[in-house]
Amino acid sequence: MTPPETARLKLRELTLDDVDNLHSIVGSPLAMRWYPKVYSRAEAQEWIERQFRRYVVGGCGLWACELKATGEFVGTCGPCWQPVDEVYELEVGYLLVPIHWGQGYATEAARACLAWSFEHYPVPRVISLIRPENTPSWKVAQRNGLTVWKETMWHDLLHQVWRVDRNSEIGN
């Protein structure tokens with residue numbers, strides 16, 4: 001299935017050519033401060049290979065986000081199937097290169113991925129898993145119409161499960 005585009009962003013499947021781009025995020029202590037760890041370059045490649053499996057098995061996964069105007073890599077965003085409290089939920093996740101924070105790219109990409117998810121899957125809701133202290137991510141979720149549904153332990157860390165239902169308005 002073809003990833004969505006937005007006014008400023010082209011989303012596409014990740015490739016092994018994106019290892020250094022992804023590592024600029026997952027290898028950054030600043031970008032990964034709400035994750036359990038900072039990832040090595042080899043682990044960034046494993047991350048991309050995991051997306052390859054997701055593309056095949058689940059029909060979606062994190063996609064590369066590029067500026068349409070320049071082709072510059074700004075981050076990743078996309079829907080992924082995640083086990084939450086023993087139920088698989090469709091989650092829209094996003095990670096951006098720190099120099100691109102604060103420009104609305106995460107909100108724009110996540111909004112497109114939420115709409116794409118409802119267009120392609122008969123799910124009653126789409127979620128985002130966000131650590132309670134990750135204020136920037138929950139602001140993205142709020143701008144896109146998600147609200148806190150519940151809390152859960154996910155990868156041994158407390159997360160809020162934000163959700164938007166199929167018939168809700170995405171974004172404002």
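In the predicted model, two arginine residues are placed over the faces of tryptophan rings: R50 lies over the face of W47, at 5.5 Å from the ring centre, and R163 lies over the face of W149, at 4.5 Å from the ring centre.

Aromatic residues also pair with one another. A pair of aromatic rings is described by the distance of the centres and the angle of the planes. The structure contains 6 aromatic pairs. One of them is formed by W81 and Y121, which meet edge-to-face, with 5.5 Å from centre to centre and 85 degrees between the planes. Because W81 belongs to strand β3 (residues 73-84) while Y121 sits in the loop between α3 (105-120) and β5 (125-130), this pair ties together parts that are 40 residues apart in sequence. W81 has a relative accessible area of 27% and is therefore partly exposed, whereas Y121, at 12%, is below the 20% limit and so counts as buried. A second pair, that of W138 and W162, is stacked, with the ring centres 6.3 Å apart and an angle of 10 degrees between the planes. Here too distant parts of the chain are linked, since W138 lies in helix α4 (residues 135-143) and W162 in strand β7 (residues 157-165), 24 residues apart. W138 is partly exposed, with a relative accessible area of 24%, while W162 is buried, with a value of 5%. In addition, W63, W81, W116 and Y121 form one aromatic cluster.

Helix α4, which carries W138, has S137, V140 and A141 as its buried residues. Seen down the helix axis, these buried residues fall within an arc of 100 degrees, and they therefore line one face of α4. The buried residues of α4 pack against β4 (87-96), α3, β5 and β7. The helix is followed by G145, whose phi is positive, near 90 degrees.

Charged residues form a further set of links. Side chains of opposite charge can pair when their charged atoms come close. In total, the structure holds 10 salt bridges. Among them is the bridge between K68 and E5, in which the closest N and O atoms are 3.2 Å apart. This pair joins distant parts of the chain, with K68 in the loop between β2 and β3 and E5 in the segment before β1 (9-13), 63 residues apart. Both partners are partly exposed, K68 at 41% relative accessibility and E5 at 49%. Another salt bridge is formed by the side chains of R8 and E108, with a distance of 2.7 Å from N to O. It links R8, in the segment before β1, to E108, in helix α3, across 100 residues of sequence. R8 is partly exposed at 34%, whereas E108 is buried at 17%. In a third salt bridge, the closest N and O atoms of E133 and R131 are 2.6 Å apart; E133 is partly exposed, at 39% relative accessibility, and R131 is buried, at 15%. Salt bridges that share partners also join R12, D18 and E66 into one network.

Within this network, E66 is placed in strand β2 (residues 63-67) and counts as buried, at 14% relative accessibility. The side chains of E66 and R12 are joined by a polar contact of 2.8 Å. When neighbours within four places in sequence are left aside, E66 is in contact with R8, L9, K10, R12, G71, E72 and F73.

Definitions and conventions. Residues are numbered from 1 along each chain as its sequence is written. This is a predicted model: local features need pLDDT of at least 70, side-chain atom pairs count only at pLDDT 80 or more; totals for chains, interfaces and linings use all residues. Side-chain values use heavy atoms; hydrogens and water are left out. Helices (H or I, at least four residues) and strands (E, at least two) are DSSP runs, numbered from the N terminus. Buried means under 20% relative accessible area, exposed over 50%, partly exposed in between (1.4 Å probe, protein chains only). A polar contact is a pair of N or O atoms within 3.5 Å; within protein, one must be able to donate a hydrogen and the other to accept it, and residues adjacent in sequence count only if both atoms are side-chain atoms. Contact means heavy atoms within 4.5 Å. Rings of Phe, Tyr and Trp (its six-membered ring) pair if their centres lie within 6.5 Å; planes under 30 degrees apart count as stacked, over 60 as edge-to-face and the rest as tilted. A charge sits over a ring if NZ of Lys or CZ of Arg is within 6 Å of the ring centre and within 35 degrees of the ring normal. The arc is that of the directions from the helix axis to the C-beta atoms. A salt bridge is a side-chain nitrogen of Lys or Arg within 4 Å of a carboxyl oxygen of Asp or Glu.
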